[in-house]
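User: I've got this structure open and I'd like to talk it through. Could you take my questions one at a time?

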Amino acid sequence: MKFIILFDNIPLVMKKSVYKLFFIFLTAAFFSQSCAEGEKEYHKADFALGTVCSVKIYTNKGGREVEKIFGKVFSELNRLEEIFSANSGHSVLQNVNDNAGKKSVEVPAELYSLLERAVYFAQKTDSAFNPAIGAVVKLWNIGMENPSVPTEENLKKALKKIDYKKIELKNGSVFLTEEGMQLDLGGIAKGYAADCIKTILLGEGIERGIIDLGGNVCTIGLKQDGSPWRVGIRNPVIGNDRSSAAYLEVSDKTVVTSGDYERFFEKDGKIYHHILSSKTGYPAENDLRAVTIVADTSADADALSTSFFVLGLEKSLQLIKSFPGVSAAFFMKDNSVTLAGKKLEVFKILDDKLFIRDNLMQ
Ligand code: ADP
Ligand code: MG
């Protein structure tokens with residue numbers, strides 16, 4: 001039985017260049033491995049969208065053809081980064097941010113519709129998911145170089161610049177109506193990118209594979225023996241090794257986890273993680289350690305995992321009712337796990353310390 005251990009996000013501040021060096025051997029070539037009936041496993045990983053992106057496919061296509069497919073996949077990731085990145089000086093998103101309070105900017109249709117989707121989640125979650133949270137994200141700079149705890153004064157100022165209702169979407173153009181506002185799609189863009197890669201692979205006739213963009217996992221089809229993919233969920237305890245806390249089995253679904261261990265920094269003995277509350281401006285604080293979502297599209301799963309992480313267990317259990325087809329596993333700080341939403345055929349705990357408190361799946 002094959003086991004997929006997720007490539008999670010960079011857990012600590014790690015310079016992109018160091019990461020690139022680490023992965024240089026992966027970018028130089030892709031790996032292949034023989035499987036039954038002429039089908040081979042091909043794997044390629046590289047750094048994109050601020051994280052490690054890994055794609056594994058199973059096919060009887062030749063190496064040359066696979067190389068071309070991987071080429072398409074990774075140039076698609078670079079293309080998406082040029083549109084969605086909140087950390088590059090020249091992305092389309094950055095251009096929208098630079099024009100906040102000044103003028104409306106015409107954007108590519110896919111940015112426009114992802115923003116519409118992001119605003120939908122902001123409405124559904126009463127700003128727990130907030131695509132306009134950029135000003136606060138930038139103040140903390142978590143996961144980037146030199147993160148720091150902001151002063152109360154700066155935080156207060158930034159909190160005035162994060163009202164998602166001031167994102168004006170009209171006729172393919174975006175206007176941030178207040179100067180200083182900044183969009184940040186870090187909570188949804190990787191999921192969207194995973195969906196795009198899946199579409200490319202399906203278009204190339206790939207019938208089985210696994211896409212893993214920094215923990216946003218998308219599965220294609222079934223394994224060759226007809227069984228579902230087994231996806232490991234990383235142990236959500238900070239400082240724990242990168243072992244799996246649990247696994248679940250899916251086919252053609254996406255599995256996305258948000259947790260406080262993904263990106264964080266420590267200051268004066270306190271841990272500050274990267275998922276922030278629009279209300280306080282501080283890292284969201286509740287009884288949750290991580291949330292895993294299983295859904296049909298990775299963009300939605302990404303937005304929901306971030307949303308639920310901010311909302312906490314009780315509010316999330318209410319909200320999940322309006323998303324039929326979505327399953328969630330809530331990993332709590334007391335080591336209990338609550339399952340909700342659509343029933344999963346297989347969900348198994350691997351870490352002895354964890355236990356299922358409630359299984360509300362139907
Ligand atoms: P990860 O990027 O580790 O997969 P998430 O999908 O939960 O984690 O997204 C976290 C990222 O989303 C942050 O790094 C930041 O860019 C952005 N973000 C932080 N807080 C929020 C929020 N409340 N709503 C929407 N996006 C957020
Ligand atoms: Mg997310």
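What follows is a run of questions and answers about this predicted model.

User: Let's start broad. How many helices and strands are there in the chain?
Analyst: Keep in mind that this is a predicted model. The chain has 362 residues, and 56% of them are buried. Its secondary structure comes to nine helices and 18 strands.

User: Of the contacts between residues at least 6 apart in sequence, what share joins residues at least 24 apart?
Analyst: The pool here is the contacts in the chain between residues at least 6 apart in sequence. The share of those that join residues at least 24 apart is 60%.

User: On to the metal. Which residues coordinate the magnesium ion (ligand 2)?
Analyst: The coordinating atoms sit at 1.9 to 2.6 Å from the ion. Along the chain the donors follow the spacing G-x114-D-x3-T. Asp302 gives both O and OD, while Gly187 gives O and Thr306 gives OG1. So the residues, in keeping with the 2.8 Å cut-off for donors, are Gly187, Asp302 and Thr306.

User: How many residues apart in sequence are the parts that glycine 187 and aspartate 302 tie together?
Analyst: Glycine 187 and aspartate 302 both help coordinate the magnesium ion (ligand 2), and both are buried. Glycine 187 is in the loop between strand E6 (173-176) and helix H7 (189-203), whereas aspartate 302 is in helix H8 (residues 298-311), so the parts that the pair ties together are 115 residues apart.

User: Now helix packing. At what angle do helix H2 and helix H4 pack?
Analyst: Helix H2 covers residues 63-84 and helix H4 residues 109-124, and their axes are 10 Å apart. H2 passes H4 in a right-handed crossing. The packing angle is about 65°.

User: What kinds of residues make the contact of H2 with H4, nonpolar, polar or charged?
Analyst: From H2 come Arg79, Leu80, Ile83 and Phe84, and from H4 come Glu110, Leu111 and Leu114. Leucine, isoleucine and phenylalanine count as nonpolar, and arginine and glutamate as charged. The tally is therefore five nonpolar, no polar and two charged, by that same grouping.

User: Arg79 and Glu110 caught my eye. Which residues do salt bridges that share partners join into one network?
Analyst: The structure holds 15 salt bridges. Arg79 of H2 and Glu110 of H4 also take part in the helix contact. The network is made up of Glu76, Arg79 and Glu110.

User: Which residue does lysine 198 meet in a salt bridge, and where is that partner?
Analyst: Lysine 198 is in helix H7, and its partner is 54 residues away in the loop between strand E10 (244-250) and strand E11 (254-259). Lysine 198 counts as buried because its relative accessibility is 11%, while the partner counts as partly exposed at 39%. The closest approach given for this bridge is 3.7 Å, N to O, and the partner is aspartate 252.

User: Glutamate 249 and arginine 230 also pair up. Are they buried or exposed?
Analyst: Their side chains meet in a salt bridge at 2.9 Å, N to O. Glutamate 249 lies in strand E10 and arginine 230 in strand E9 (residues 229-234), so the bridge ties together parts 19 residues apart in sequence. As for glutamate 249 and arginine 230, both are buried.

User: Which of aspartate 126 and serine 127 is buried, and which is exposed?
Analyst: Both are found in the loop between H4 and H5, going by the places of aspartate 126 and serine 127. Each has a positive phi, near 50° for aspartate 126 and near 75° for serine 127. Aspartate 126 counts as exposed because its relative accessibility is 54%. At 18%, the buried one is serine 127.

User: Last one. Which residues does methionine 332 touch, not counting those up to four places away in sequence?
Analyst: Methionine 332 is in strand E15 (residues 327-332) and is buried, with a relative accessible area of 9%. Arginine 357 is 25 residues from methionine 332 in sequence and 9.9 Å from it in space, C-alpha to C-alpha. The residues that methionine 332 touches are Asp287, Leu288, Arg289 and Leu313.

Technical notes:
Residues numbered from 1 in each chain as written. Chains lettered and ligands numbered in written order. Predicted model: local features only at pLDDT ≥ 70, side-chain atom pairs only at ≥ 80, totals over all residues. Heavy atoms only, no water. Donors = N, O, S within 2.8 Å, 3.2 Å for Na, K, Ca; no water. Helix = DSSP H or I, 4+ residues; strand = E, 2+ residues; numbered from the N terminus. Buried < 20%, exposed > 50% of the residue type's maximum accessible area, 1.4 Å probe, protein only. Axes fitted to C-alpha atoms, helices over the stretch in contact; angles between N-to-C directions. Left-handed = near helix turned anticlockwise from the far one by under 90°. Contact = heavy atoms within 4.5 Å. Salt bridge = Lys/Arg side-chain N within 4 Å of Asp/Glu carboxyl O.
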